[in-house]
Amino acid sequence: MEALITVLPGDGIGPEVCKAGTDVLCAIAAKHGHRFEFSEQLIGGAGIDEAQDPFPANTRSSCAESDAVLLGAVGGPQWSDPNAPIRPEQGLLALRAALEVFANIRPVQILDELADASPIKADRLDGVDIIVVRELTGGIYFGEKTRTEDSASDLCVYHRHEVERILRVAANLANDRRGQLCSVDKANVLETSRFWRDVTVTTMAAEFPDIKLEHMLVDAAAMHLINRPAHFDVIVTENMFGDILTDEASMLAGSMGMLPSASLGESTCGLYEPIHGSAPDIAGKGIANPCGMIGSAALMLRHSFGLDVEATEIESAIRKVISAGIRTADIAGADDSPVSTTEMADAIIQQLR
Ligand code: IPM
Ligand code: MN
């Protein structure tokens, strides 16, 4: 097949991991006779520096013409002045809104070999296989904001159709898995959460009566994710809770650097990005873990291009390379000598061939 992919390296380690991602995409294309064309564009702090805009018009139009978008990371201390009028993160939020990718899918799988890399005791990690479905284009991230000298506010709004459509994505995933859906909210305090819970109950009863539905308060969910992570199958939650819980869940897998994500909407053009941030502390050193990015490229093949075989090949190449003891610094044990970002990507490419 042929596909046009907009590549948005962004900031910090973004460019380093993006290069690893596109190298792997080129390798899989060569192997299977596909043609991927890449259009590299500005986003985030890089956009602010070069075009005074975290989501420049060229980026917007390139994404609109593309079959999928691959993103590194945005943000960094040089753009983090709380009083700055524009911030890198606005670029990412504008991109998600422009693509209307309301469903952010974050799989949390544990490679047995990485149990040691996790700060959680190995016995708790047994059988952990979670997908977090995070609502991505609504809630407090997108509500009206106000600021005066002495006060500030962020509005959190959810509409019925927004809750229904994210639930459908999550319930369909649960259908193909263990059939359990945990909806996470803060219904003991927030009106949006009580609404979310109501819509969840009616939608699930009407459309997915066979799915085992459970509601959990977000504070309890944060605790149970550590205490009994194997309990969870699919978790569905609103934008900010999903952001927080997936950083927490990444510790089950050993490192933020391991987790991929796919952001999907009604069209097949998805946005694919690792869940980690720009990691300014290690940027430019060539030591970032590219596995989350390479896993995101695999999700692109599966969800946007329907190339399931190719996606699975990449995922098993990642597993095999990790099994062989090849580790970047974030997941290296005391006895391992860590490899660089490029060495990790090359090992995965070698495995693919
Ligand atoms: C993420 C990030 C973003 C978010 C930031 C960079 C705006 O933390 O993708 O999880 O909060 O959504
Ligand atoms: Mn986050």
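Gln-52 is exposed, with a relative accessible area of 58%, and in this predicted model its phi is near 55 degrees, a positive value in a residue other than glycine. The briefing below starts from that residue and then turns to helix 10, the helix crossings, the aromatic pairs, the charges over rings and two C-alpha separations. Helix 10 covers residues 291-303 and is largely enclosed by the rest of the structure, since 11 of its 13 residues are buried.

**Positive phi in loops**

- Most residues other than glycine have a negative phi.
- Gln-52, whose phi is near 55 degrees, is placed in the loop between helix 2 (44-51) and helix 3 (57-65).
- Glu-100 is likewise not a glycine and has a positive phi of about 55 degrees; its position is in the loop between helix 4 (88-99) and strand 4 (103-109).
- Glu-100 counts as exposed because its relative accessible area, 55%, lies over the cut-off of 50%.

**Helix 10 and its burial**

- With 13 residues at 1.5 Å a residue, helix 10 should span 18 Å, and the C-alpha atoms at its ends are 18 Å apart, so the expected and computed spans agree.
- The buried residues of helix 10 include Cys-291, Gly-292, Met-293 and Ile-294 towards the start of the list, and Ala-298, Leu-299, Met-300 and Leu-301 towards its end.
- Because 11 of the 13 residues in helix 10 are buried, the helix is largely enclosed by the rest of the structure.

**Helix crossings**

- The axes of helix 1 (residues 14-32) and helix 10 come within 8 Å and cross at roughly 45 degrees, and the two helices are therefore oblique to each other.
- Where helix 1 passes helix 10, the crossing is right-handed.
- Helix 10 also meets helix 11, with axes that come within 7 Å and cross at roughly 160 degrees; an angle over 145 degrees counts as roughly antiparallel, which makes helix 10 roughly antiparallel to helix 11.
- The handedness of the crossing between helix 10 and helix 11 is left-handed.
- For helix 6 and helix 7, the axes come within 9 Å and cross at roughly 50 degrees, which makes helix 6 oblique to helix 7.
- The crossing in which helix 6 passes helix 7 is right-handed.

**Aromatic pairs**

- Two aromatic pairs are found when the whole structure is searched.
- In the pair of Phe-36 and Phe-305, the ring centres are 5.6 Å apart and the planes stand at 35 degrees, so the pair is tilted.
- Phe-36 belongs to strand 2 (residues 35-40) and Phe-305 to the loop between helix 10 and helix 11 (308-323), so this pair ties together parts that are 269 residues apart in sequence, and both of its residues, Phe-36 and Phe-305, are buried.
- Tyr-158 and Trp-196 form an edge-to-face aromatic pair, with 5.4 Å from centre to centre and 75 degrees between the planes.
- That pair links distant parts of the chain, 38 residues apart, with Tyr-158 in the loop between strand 7 (152-154) and helix 6 (160-175) and Trp-196 in helix 7 (residues 191-207).
- Tyr-158 and Trp-196 are both buried.

**Charges over rings**

- Arg-134 lies over the face of Tyr-141, at a distance of 5.2 Å from the ring centre.
- The charged end of Arg-165 sits over the ring of Phe-102, 4.2 Å from the centre of that ring.

**Two C-alpha separations**

- Ala-317 is a residue of helix 11, and its relative accessibility of 2% means that Ala-317 counts as buried.
- Ala-317 and Leu-352 are 35 residues apart along the chain, and their C-alpha atoms are separated by 6.0 Å.
- Leu-217 is part of strand 9 (residues 212-217) and, at 25% relative accessibility, counts as partly exposed.
- The C-alpha atoms of Leu-217 and Leu-111 are separated by 28 Å, with their positions 106 residues apart along the chain.

Terms used: Residues numbered from 1 in each chain as written. Chains lettered and ligands numbered in written order. Predicted model: local features only at pLDDT ≥ 70, side-chain atom pairs only at ≥ 80, totals over all residues. Heavy atoms only, no water. Helix = DSSP H or I, 4+ residues; strand = E, 2+ residues; numbered from the N terminus. Expected span 1.5 Å × (residues − 1). Buried < 20%, exposed > 50% of the residue type's maximum accessible area, 1.4 Å probe, protein only. Phe/Tyr/Trp six-rings, centres within 6.5 Å; stacked < 30°, edge-to-face > 60°. Lys NZ or Arg CZ within 6 Å of the ring centre and 35° of its normal. Axes fitted to C-alpha atoms, helices over the stretch in contact; angles between N-to-C directions. Parallel < 35°, antiparallel > 145°, perpendicular 65-115°, else oblique. Left-handed = near helix turned anticlockwise from the far one by under 90°.
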